[in-house]
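Let's take a walk through a protein chain together, starting with the whole and then stopping at a few single residues. Please keep the sequence and the 3D view open as you read.

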Amino acid sequence: MDLDAVRHNVTMLAERAGDAELMVVVKADGYGHGAVQIAKAALEAGASWLGVCSLAEGLRLRAAGIRAPMLSWLDVPETDFAPAVAAGIDISVSSLRELRAVRAASDDLGGVGAHVHLKIDTGLSRNGCPSADWPDLVRAAAAAEAGPHFHVRAVWSHLACADEPGHPSIDQQAERFAAAYSVATEAGLRPMRHLANSAATLTRADLRFDLVRAGIAVYGLNPVPQHEDLIPAMTFASTVVLTKRVAAGESVSYGHTWTAPRDTTLALVPVGYADGVPRGLSGHLRVLLGGRSRPVVGRVCMDQLVVDCGDDPIAAGDRVVLFGTGKEGEQTATEWADQLGTIDYEIVTGMCRPRVARRYLGEDAS
């Protein structure tokens with residue numbers, strides 16, 4: 001993982017955010033990159049907030065000594081909010097049940113202040129308060145804020161199609177968000193607003209408001225069609241463990257889906273679908289080995305794959321790059337995703353595997 005790439009991306013996003021603060025989303029263990037290391041690098045580069053999905057993720061960051069403002073937005077009903085309130089983690093609230101639970105946690109702690117972000121569903125139809133229930137939630141939140149230990153920090157929502165600039169739902173959601181915010185201010189609340197994700201931060205200056213939430217772009221993967229100055233932070237690499245010459249007519253791996261058309265050298269690489277290399281890439285995967293892009297032949301296995309190296313002098317210990325920035329001719333996470341008909345988010349978060357070791361470049365630059 002290249003932490004200098006993360007710093008570059010965060011600096012660029014902070015500039016594009018203008019007067020809005022920048023929240024860096026480090027859920028799913030930093031999109032597979034390592035939440036603690038990414039959070040520290042992002043804060044060094046100008047982020048002022050961190051975003052996590054669950055309280056457990058937030059508490060791990062607090063345990064690592066990270067004290068920055070933090071928002072957590074999704075937990076199961078039986079979650080005890082007290083540890084998060086005690087740790088100063090802001091909590092997203094989408095229902096009266098959640099509001100009461102957070103307020104009760106604050107009371108149980110002897111009045112430790114709780115900070116909430118009220119989430120309105122503006123059209124994604126996932127989490128967030130339905131518009132019909134919003135006035136009741138706002139009134140309850142305003143009543144709670146009248147007490148001494150409860151504060152409504154923000155009103156927020158999430159866009160469904162921001163990665164498709166010009167999609168009509170973006171303006172529709174913005175209009176619904178504005179209406180919901182008006183309900184909150186009419187009830188006497190004065191919260192900040194946040195709506196923009198990475199894509200909207202890059203394409204919709206009018207939706208940046210007080211805070212933007214950048215996720216995938218922090219990691220150097222571009223969520224919008226136009227070019228952006230982003231550097232992928234993750235390189236997935238391994239080494240050759242064995243080479244062998246095989247004769248023309250010999251076949252490779254399960255099912256013998258590939259047969260050597262000529263005498264050739266094969267290189268065995270000890271990674272497979274248990275390490276995040278999708279089996280669906282069999283027959284389509286190329287790796288950078290010995291300064292050249294080379295095909296992976298035969299099926300990707302659980303623990304290994306095989307590379308056709310022709311007559312080149314490849315040896316055990318040679319480095320193999322499966323994906324990276326693309327600057328040296330290697331494939332990228334986005335290219336993997338395109339071949340599989342998915343998104344690059346899935347590729348990089350799929351690197352959260354026990355056997356995949358993380359190494360960080362730029363860690364000593366802080």
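What percentage of the 366 residues in the chain is buried? Buried residues make up 49% of them. Keep in mind, as you turn the view, that this is a predicted model.

Let's begin with the overall picture. The chain holds eleven helices and 17 strands. If you follow its C-alpha trace along the principal axes, the spans come to about 80 × 45 × 40 Å. The chain exposes about 16,000 Å², and carbon and sulfur atoms supply 50% of that area.

How does the chain meet itself? Take the contacts between residues at least 6 apart in sequence: 65% of these join residues at least 24 apart. Charges can be viewed as a whole, too. The chain has 34 positive and 44 negative charges, and the mean positions of the two groups are 2 Å apart.

Now for some places that a record points out. An unreviewed UniProt entry gives the feature "active site" at Lys-27 and Tyr-254. These positions span 228 residues in sequence, and their farthest two C-alpha atoms are 36.4 Å apart, so they do not all gather at one spot. It is worth visiting each of them in turn.

Lys-27 sits in helix α2, which covers residues 27-31. Is Lys-27 buried, partly exposed or exposed? Its relative accessibility is 30%, so Lys-27 counts as partly exposed; the partly exposed class lies between the cut-offs of 20% and 50%. Setting aside residues up to four places away in sequence, Lys-27 touches Gly-51, Val-52, Cys-53, Glu-57 and Trp-73. The unreviewed UniProt entry also gives Lys-27 the feature "modified residue: N6-(pyridoxal phosphate)lysine".

Tyr-254 belongs to the loop between β11 (251-252) and β12 (258-259). With a relative accessible area of 60%, Tyr-254 is exposed, because the cut-off for exposed is over 50%. Which residues does Tyr-254 touch, not counting those up to four places away in sequence? They are Arg-299 and Cys-301.

Back in helix α2, you can find Gly-30. Gly-30 has 0% relative accessibility and therefore counts as buried. When residues up to four places away in sequence are left out, Gly-30 touches Ala-35 and Tyr-219. You can also look from Gly-30 across to Thr-332: these two are 302 residues apart in sequence and 18 Å apart in space, C-alpha to C-alpha.

Strand β1, made of residues 21-25, contains Val-24. Val-24 counts as buried, at 0% relative accessibility. What surrounds Val-24, leaving aside its neighbours within four places in sequence? Its contacts are Val-10, Ala-42, Ala-47, Trp-49, Leu-50, Gly-51, Ala-214 and Val-218. One of these, Gly-51, is also touched by Lys-27. For a sense of distance, try Val-24 and Thr-264, which are 240 residues apart in sequence and 48 Å apart in space, C-alpha to C-alpha.

Next comes a residue in a loop. Thr-122 is found between β5 (114-119) and α7 (134-145). Is Thr-122 buried or exposed? Thr-122 is buried, with a relative accessible area of 0%. Its side chain makes a polar contact with the side chain of Gln-173, at 2.7 Å. Leaving out neighbours within four places in sequence, the contacts of Thr-122 are Ser-157, His-158, Gln-173, Arg-176 and Phe-177.

To finish, look at a longer stretch. The unreviewed UniProt entry places the feature "domain: Alanine racemase C-terminal" at residues 233-361. Over these residues the chain is 11% helix and 29% strand. How far apart are the end C-alpha atoms of residues 233-361? They are 9 Å apart.

Conventions
Residues numbered from 1 in each chain as written. Predicted model: local features only at pLDDT ≥ 70, side-chain atom pairs only at ≥ 80, totals over all residues. Heavy atoms only, no water. Helix = DSSP H or I, 4+ residues; strand = E, 2+ residues; numbered from the N terminus. Buried < 20%, exposed > 50% of the residue type's maximum accessible area, 1.4 Å probe, protein only. Contact = heavy atoms within 4.5 Å. Areas by Shrake-Rupley, 256 points an atom, 1.4 Å probe, with all protein chains shown as cover. Lys, Arg positive; Asp, Glu negative; His and termini not counted. Charge placed at Lys NZ, Arg CZ, Asp CG, Glu CD. UniProt positions renumbered as here; feature names shortened; annotations may be inferred. Polar contact = N/O pair within 3.5 Å; in protein donor to acceptor, adjacent residues only side chain to side chain.
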